[in-house]
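This report describes the fold of a single protein for a reader at the start of structural study. Please examine the sequence and the structure before reading on.

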Amino acid sequence: ARPAVMPVAAVLPAGGSGERLGGATPKQFCAVQGRPLVSYTVRAMERISWISDIIVVVSPENVETMKSIIEKYGHKRVMIVKGGITRHRSIFNGLKVFAERESSNHLLQKPEVVIIHDAVRPFVEEDILSKVVMAAKEHGAAGAIRPLVSTVIASAADGCLDHSLERAKYRASEMPQAFLFDIIYKAYQQCTDYDLDYGTECLHLALKYCKTNAKLVEGTADLWKVTYKRDLYAAELIIKDNLSQQVYVITSVKEAVAQVGFFLQESLKSQIKVEAVSMCLSKNDSHLESIFSGQCYNFVCVNDKEYAIQDTEQLVDVLEKSDISLLYPVVLISVHLDVSENISFSIGMEELTRIKKFAREVKKKNILVYGLLIQYK
C-alpha cells in the first residue's frame, strides 16, 4: 500500500567521514559498479513518486562532489544541505530547510511526514518506506527494526563479563525512520548540546522531548548499512544479482508475434521475474516511457522481421531519453520473426550491415543490442 496523498520528504544524512571503511574516500562516495554509493540511495528514494523532496546532507568539503553526482546521474527533486559536525546536527540542518524558509533559495513545502534514512543504506524498498510513513502518521514516529544477530554483553571495569542481554527481548534499530515533521523538528529544537554531539537515535529524541512512542516496524534483511570495506563488495554482488532478476518482454499486437511473446514469458518465468506487454510499437511512446522509467534493465522485443530494425531503433531511442543507461548497462534482445511462407535463411547484407553498425553505435551509450532471427509458422 502507498501512503494517502500527503506531503512526504526524505532527509539523507551523508556527512560521515568513513573512518571505519579504512580509506581516504568517505563510504557514501565510494564507487560500486562504477557509481557512488549515495547515488543508489538517492535513486531508491527518487523512483518513489510520493516523496516530493530529497534532502542530502553532506559535509561542506563534499558539497561540490555531491553536485557533480546529481548532475552526472540526472537526479531530480534533490537538494544539497551542508551538514554539521555530528550526525544529529546534520539531520537538524536538513530539517531546517523546511521550517526556516529564509535559509534557502528553494521554497520547499513543509512535509507532513519526513523520512530519515542513511545515505549508505542503498537497498531500501518502497514497501518498508510506505509502512514507516503510514505508522508515523498514526503514531507520530516509526522506525524499522531487525532481530539481533549477536548477543549483546556488558563488560565490567576490569574487562571481564558483567552481564548479557536476553537477545529475544531486544531488536536492532535500523533505517528508514519516519516522523510527523512537527514532532521531530520540535524534538531537535529542544535538544541539549550533549544530545546533538553524542546521540545517534532519532526515535529516542522523539520520545525524550515530545513523549512520542515510536511504532516499530519489522524490516527486511536488505536494510543493512555499508560500514566496512567488505560491505562494498557485498553491495556490488547484490546490485549485480538484482539486475539479472527481471526482464520485460515487449511484443507487437499481431497474433503470431504475441503468441511467441507469450511462450517466451511462460518459459522464463520459473527462473526470473518476467513482465510482458503487447503493444503497437510505433504508436505508444508514452507506454514505453513508463516501462523504461522502472527498475528493469533487460528487455526482449519480439517483432516482425519486416519492421525489425525500425522497431529496434525506436526502442533504443526511448531508452536513451529515459537515461536509465546512465546507471547500468541495458540489455535489449531484438527477436525478429519471419512468418512468411517462403523458407529462406538469408538476410540481406545491407540490412545485416545496418544492424551491426547500429549495435556498435549504441554500445557506446551503454545499451547492448543483440539480434535473433526466427522463422516461425
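## Surface and interior

In this predicted model, the protein exposes about 19,500 Å². Carbon and sulfur atoms supply 52% of that exposed area. The chain has 377 residues, of which 45% count as buried.

## Overall composition

The protein contains twelve helices and 16 strands. Contacts can also be considered by the separation of their partners along the sequence. Among contacts between residues at least 6 apart in sequence, 76% join residues at least 24 apart.

## The seven-stranded sheet

Seven strands form an open sheet with mixed pairing. Read across the sheet, their order is S5-S4-S1-S6-S10-S7-S11. Strand S5, covering residues 78–82, and strand S11, covering residues 215–218, are the edge strands, and each of them pairs on one side only. On average, neighbouring strands of this sheet are turned by 25 degrees against each other, with direction ignored.

## Strands S6 and S10, and helix H5

Within the sheet order, S6 stands next to S10. Strand S6 spans residues 113–116 and strand S10 spans residues 171–180. These two strands pair in the antiparallel sense, over four bridges. At the level of single residues, Val114 has Phe179 of S10 as its bridge partner.

Helix H5, formed by residues 181–190, lies across both S6 and S10. The helix runs at about 110 degrees to S10.

Terms used. Residues numbered from 1 in each chain as written. Predicted model: local features only at pLDDT ≥ 70, side-chain atom pairs only at ≥ 80, totals over all residues. Heavy atoms only, no water. Pairing = 2+ DSSP bridges. Axes fitted to C-alpha atoms, helices over the stretch in contact; angles between N-to-C directions. Contact = heavy atoms within 4.5 Å. Buried < 20%, exposed > 50% of the residue type's maximum accessible area, 1.4 Å probe, protein only. Areas by Shrake-Rupley, 256 points an atom, 1.4 Å probe, with all protein chains shown as cover.
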